[in-house]
Amino acid sequence: MTPQPNPQVGAAVKAADRAHVFHSWSAQELIDPLAVAGADGSYFWDYDGNRYLDFTSGLVFTNIGYQHPKVVAAIQEQAASLTTFAPAFAVEARSEAARLIAERTPGDLDKIFFTNGGAEAVENATRMARLHTGRPKVLSAYRSYHGATSTAINLTGDPRRWPSDQGAAGVVHFWAPFLYRSPFYAETEQQECERALQHLEDTIAFEGPATIAAVILETVPGTAGIMTPPPGYLQGVRELCDRHGIVFILDEVMAGFGRTGKWFAADHYDVVPDLMTFAKGVNSGYVPLGGVAISGAIADTFGKRPYPGGLTYSGHPLACAAAVATINVMAEERVVENAAHLGETLIGPALRELAERHPSVGEVRGLGMFWALELVKNKETREPLTPYNAAGEANAPMAAFGAAAKKNGLWPFINMNRTHVVPPCNITEAEAKEGLAALDEALTVADGYTA
Ligand code: PMP
């Protein structure tokens with residue numbers, strides 16, 4: 001429903017926010033958060049009556065858009081019948097959510113450990129891997145994001161790790177494939193794949209296989225730039241892990257639940273991890289929920305021996321009721337199929353066409369409703385439109401691009417020199433076209449910074 005404009009209320013909401021809310025990832029005095037009056041489907045509104053098409057899906061979590069009536073109703077019904085209950089009991093919403101998730105996860109990932117979000121899922125997956133193997137180290141990729149809690153931020157391979165890095169005990173980073181900015185000086189996907197696998201094999205050999213509990217990778221790294229892995233890479237990592245008794249963890253917190261046009265991104269690459277983390281799309285973020293899907297072998301480790309980890313709100317009934325309703329909506333309304341179809345037939349081709357016309361677009365990558373545009377100063381040199389980890393004035397080109405998009409009613413996802421096109425997976429064709437037209441205009445502003 002469209003909310004009524006009410007600038008006075010908006011100003012009060014904003015004033016209280018600025019007085020008392022301490023925001024994530026922000027210099028508190030330098031931010032100017034938009035006061036949001038309401039949201040519906042693929043849109044949200046501010047208190048001045050401006051409408052924005054959300055090409056960010058929140059933080060890439062509203063896979064079925066905002067305020068889906070069936071999910072809202074399911075949360076209301078759960079609140080009316082059993083709002084909360086402790087984790088050590090069997091509760092209908094929790095059991096049903098686990099069943100629906102396990103039915104869709106690949107291979108024998110049939111046991112579900114629930115958390116309140118993605119970072120906790122990563123914390124628990126690494127703990128399970130360490131206890132299962134009795135080994136200390138975890139290998140993770142540069143250009144990755146795994147969350148902001150202690151272990152998860154140490155695993156993260158982007159600059160957000162630096163201030164929190166305590167020497168990253170037990171964490172070793174390696175390079176995953178990324179042809180556009182190849183760490184291996186490769187020129188083809190096949191070369192990139194072979195060299196990345198050789199590099200990981202060498203890393204394992206030099207770290208000592210018997211000291212490595214797990215390799216963790218985002219199936220398609222999200223926040224770091226939606227780098228779809230070359231064919232054969234993930235299978236190669238699976239083989240290396242099998243050869244050395246290393247647990248293979250895929251982090252599908254962002255890529256899971258329809259985002260890539262399949263239930264899980266792993267389904268595109270025909271690979272089954274030992275542990276798979278999820279959150280976000282599992283219930284479109286309506287109530288905080290995440291989890292780890294666990295293979296039979298790792299679940300068996302904790303068959304007779306207790307698992308030493310848990311959370312007060314593990315599998316919270318409200319969050320699980322929202323997950324049950326979301327998964328059912330996704331199946332009934334063919335949301336995953338929509339993401340695949342519109343990604344392949346409309347968004348992908350349209351973005352590639354934009355890349356041909358705009359000098360600022362260096363590369364387009366992605367699949368489903370999961371796309372990145374790499375904005376550059378110069379297509380030949382591939383120099384990013386803003387320097388790596390730019391802040392303040394250095395980030396002016398991306399800020400100007402973002403402001404132009406918002407002026408045209410499009411809320412874009414911006415990270416470093418990239419914009420990600422990650423709308424709700426149930427976006428309509430008309431909405432997608434509207435957003436692409438606004439993006440086209442905003443890119444003209446970015447073009448002004450090319451040389
Ligand atoms: N893993 C991945 C791949 C993510 O994208 C994120 C969040 N962007 C996380 C983990 C952390 O999730 P949360 O913010 O829910 O802790």
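**Exercise 1. Val36 and its surroundings**

Decide whether Val36 in this predicted model is buried, exposed or partly exposed, and find which residues outside its sequence neighbourhood it contacts.

*Solution.* Begin by counting the C-beta atoms around the residue: Val36 has 14 others within 10 Å. A residue is called buried at 20 or more such atoms and exposed at 12 or fewer, so Val36 falls in between and is partly exposed. Next, place the residue in its element, which is strand E1, covering residues 36–40. Then set aside the neighbours within four places in sequence, and the contacts of Val36 that are left are with Phe44 and Asp46. Finally, look back along the chain to Lys14, which is 22 residues apart from Val36 and whose C-alpha atom is separated from that of Val36 by 9.3 Å.

**Exercise 2. Two residues with a positive phi**

Find the phi values of Val60 and Tyr185, and then work out for each whether it is buried or exposed.

*Solution.* Start from the general rule that most residues other than glycine have a negative phi. Val60 is not a glycine, and yet its phi is positive, at about 60°. Tyr185 is also a residue other than glycine, with a positive phi near 55°. Now locate them: Val60 belongs to helix H2, residues 57–60, whereas Tyr185 sits in the loop that runs between strand E6 (171–174) and helix H7 (189–207). The last step is to count neighbours inside 10 Å, where Val60 has 24 C-beta neighbours and therefore counts as buried, while Tyr185 has 8 and therefore counts as exposed.

**Exercise 3. Two helix pairs**

Describe how H12 packs against H14, and then how H7 passes H8.

*Solution.* For the first pair, take helix H12 (residues 335–357) and helix H14 (residues 429–447), whose axes are 11 Å apart and which pack at an angle of about 15°. Angles under 35 degrees count as roughly parallel, and H12 is therefore roughly parallel to H14. The crossing of these two helices is right-handed. On the H12 side the contact includes Leu342, Leu346 and Ile347, and on the H14 side Ala432, Leu436 and Leu439 are among the residues taking part. Sorted by class, this contact of H12 with H14 holds nine nonpolar, no polar and two charged residues.

For the second pair, the axes of H7 and helix H8 (residues 233–244) come within 10 Å and cross at roughly 20°, and so these helices too are roughly parallel to each other. H7 passes H8 in a right-handed crossing. Among the residues that meet are Cys193, Ala196 and Leu197 in H7, with Tyr233, Gly236 and Val237 in H8. By class, the contact of H7 with H8 has eight nonpolar, two polar and one charged residues.

**Exercise 4. Strand E10 in its sheet**

Give the strand order of the sheet that contains E10, identify the partners of E10, and explain why E10 is described as largely enclosed.

*Solution.* First read the order of the seven strands, E4-E10-E9-E8-E7-E5-E6, which form an open sheet with mixed pairing. The edges are strand E4 (111–115) and E6, each of which pairs on one side only. Neighbouring strands are turned by 20° against each other on average, with direction ignored.

Then examine the pairings of E10. With E4 it pairs in the antiparallel sense over five bridges, and Lys111 stands opposite Ile294 in E10. Four bridges join strand E9 (residues 275–278) to strand E10 (residues 290–294), and these strands also run antiparallel. Within E10, Met276 has Ala293 opposite it, and Thr277 has Val292 as its bridge partner.

For the last step, recall that side chains alternate between the two faces of the sheet in a regular strand. In E10, Gly290, Val292 and Ile294 are on one side and Gly291 and Ala293 on the other, and all are buried. Five of the five residues of E10 are buried, so the strand is largely enclosed by the rest of the structure.

**Exercise 5. The four-stranded sheet and H12**

Find the order and pairing of the four-stranded sheet, and say which of its strands H12 lies across.

*Solution.* The order is E11-E12-E15-E14, in an open sheet with antiparallel pairing. Strand E11 (361–367) and strand E14 (413–415) are the edge strands, and the twist averages 20° from one strand to the next. Inside the sheet, strand E12 (residues 370–375) pairs with strand E15 (residues 418–421) over four bridges in the antiparallel sense, and Glu374 stands opposite Arg418 in E15. Lastly, H12 lies across E11, E12 and E15, and runs at about 170° to E11.

Definitions and conventions
Residues numbered from 1 in each chain as written. Predicted model: local features only at pLDDT ≥ 70, side-chain atom pairs only at ≥ 80, totals over all residues. Axes fitted to C-alpha atoms, helices over the stretch in contact; angles between N-to-C directions. Parallel < 35°, antiparallel > 145°, perpendicular 65-115°, else oblique. Left-handed = near helix turned anticlockwise from the far one by under 90°. Contact = placed C-beta atoms within 7 Å. Nonpolar A, V, L, I, M, F, W, Y, C, P; charged D, E, K, R; others polar. Pairing = 2+ DSSP bridges.
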